[in-house]
Amino acid sequence: GALKELWDKEKKQTVCVICGAISQSTDDQSRLMNHMDGKQHKGFLKIRVTINELKEYIEAARPTQAKESEPSDNKDRDRERS
């Protein structure tokens with residue numbers, strides 16, 4: 001009945017992993033290309049690329065910062081508190 005039709009409709013949709021837009025399985029190649037060339041998709045792609053670049057930058061800078069700010073020993077954490 002109606003539930004099966006709804007389920008079939010749901011199965012035919014896919015979500016773009018870049019921007020979250022929903023596309024239909026019946027969309028042709030030109031529609032998919034239009035989506036990929038769209039402002040929203042390109043904007044989200046740019047954000048994702050920039051986030052990855054920033055993560056790499058932070059990771060590269062972290063070892064010098066971590067040595068200065070991390071305690072060399074955690075003895076105080078293991079002792080009993082009264």
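**Figure 1. Contacts of Ser 23 in strand β2.** In this predicted model, Ser 23 contacts Lys 12, Gln 13, Thr 14 and Leu 32 when neighbours within four places in sequence are set aside. Strand β2, which holds Ser 23, covers residues 22-24. The relative accessibility of Ser 23 is 18%, so the residue counts as buried, the limit for that class being under 20%. One of its partners, Leu 32, is located in helix α2. Seen from Leu 32, with residues up to four places away in sequence not counted, the contacts are Ser 23 and Asp 27. Leu 32 has a relative accessible area of 33% and is therefore partly exposed.

**Figure 2. The salt bridge between Arg 31 and Asp 27.** Arg 31 and Asp 27 form a salt bridge in which the closest N and O atoms are 3.4 Å apart. Side chains of opposite charge can pair when their charged atoms come close. The two partners fall into separate accessibility classes: Arg 31 is exposed, at 53% relative accessible area, whereas Asp 27 is buried, at 18%. Asp 27 is also touched by Leu 32. A search of the whole structure gives 2 salt bridges; the Glu 59 and Arg 62 side chains form a salt bridge as well.

**Figure 3. The salt bridge between Glu 59 and Arg 62 in helix α3.** The side chains of Glu 59 and Arg 62 meet at an N to O distance of 2.8 Å. Because the two residues are 3 apart in helix α3, about one helical turn separates them. Glu 59 is partly exposed, with a relative accessible area of 46%. Arg 62 is likewise partly exposed, with a value of 42%.

**Figure 4. Surroundings of His 41.** His 41 is found in helix α3, a helix that covers residues 39-69. With a relative accessible area of 6%, His 41 is buried. Its side chain is joined to that of His 35 by a polar contact of 3.1 Å. Not counting residues up to four places away in sequence, His 41 touches Cys 16, Ile 18, Cys 19, His 35 and Met 36. Of these, His 35 and Met 36 are among the residues 29-36 of helix α2.

**Figure 5. Two C-alpha separations that start from helix α3.** Gly 43 is in helix α3 and, at 30% relative accessibility, counts as partly exposed. Its C-alpha atom is 9.5 Å from that of Ile 18, with the two positions 25 residues apart along the chain when counted as sequence separation. Ile 47 is also placed in helix α3. The C-alpha atoms of Ile 47 and Cys 19 are 9.9 Å apart, for a sequence separation of 28 residues. Ile 18 and Cys 19 also appear among the contacts of His 41.

**Figure 6. A nonpolar surface patch.** Phe 44, Ile 47 and Ile 51 make up a nonpolar patch on the surface, and together they have about 260 Å² of accessible area. Ile 47 has a relative accessible area of 47%, so it is partly exposed. Ile 51 belongs to helix α3. At 39% relative accessibility, Ile 51 is partly exposed as well.

**Figure 7. The whole chain as context for the close-ups.** The chain contains 4 helices and 2 strands, arranged along the sequence as α-β-β-α-α-α. Of its 82 residues, 10% are buried; Ser 23, Asp 27 and His 41 are buried residues shown in the views above. The exposed area of the chain is about 7900 Å², with carbon and sulfur atoms supplying 54% of it. Mean pLDDT over the chain is 82, and 70% of the residues reach 70 or more. Among the elements, helix α2 (residues 29-36) has the highest mean pLDDT, 95, and helix α4 (residues 75-78) the lowest, 58. Where pLDDT is low, the predicted coordinates should not be read in detail.

Conventions:
Residues numbered from 1 in each chain as written. Predicted model: local features only at pLDDT ≥ 70, side-chain atom pairs only at ≥ 80, totals over all residues. Heavy atoms only, no water. Patch = residues over 30% accessible without salt bridge, like charges linked within 9 Å, V, L, I, M, F, W, Y side chains within 5 Å. Areas by Shrake-Rupley, 256 points an atom, 1.4 Å probe, with all protein chains shown as cover. Salt bridge = Lys/Arg side-chain N within 4 Å of Asp/Glu carboxyl O. Buried < 20%, exposed > 50% of the residue type's maximum accessible area, 1.4 Å probe, protein only. Polar contact = N/O pair within 3.5 Å; in protein donor to acceptor, adjacent residues only side chain to side chain. Contact = heavy atoms within 4.5 Å. pLDDT = per-residue confidence, 0-100.
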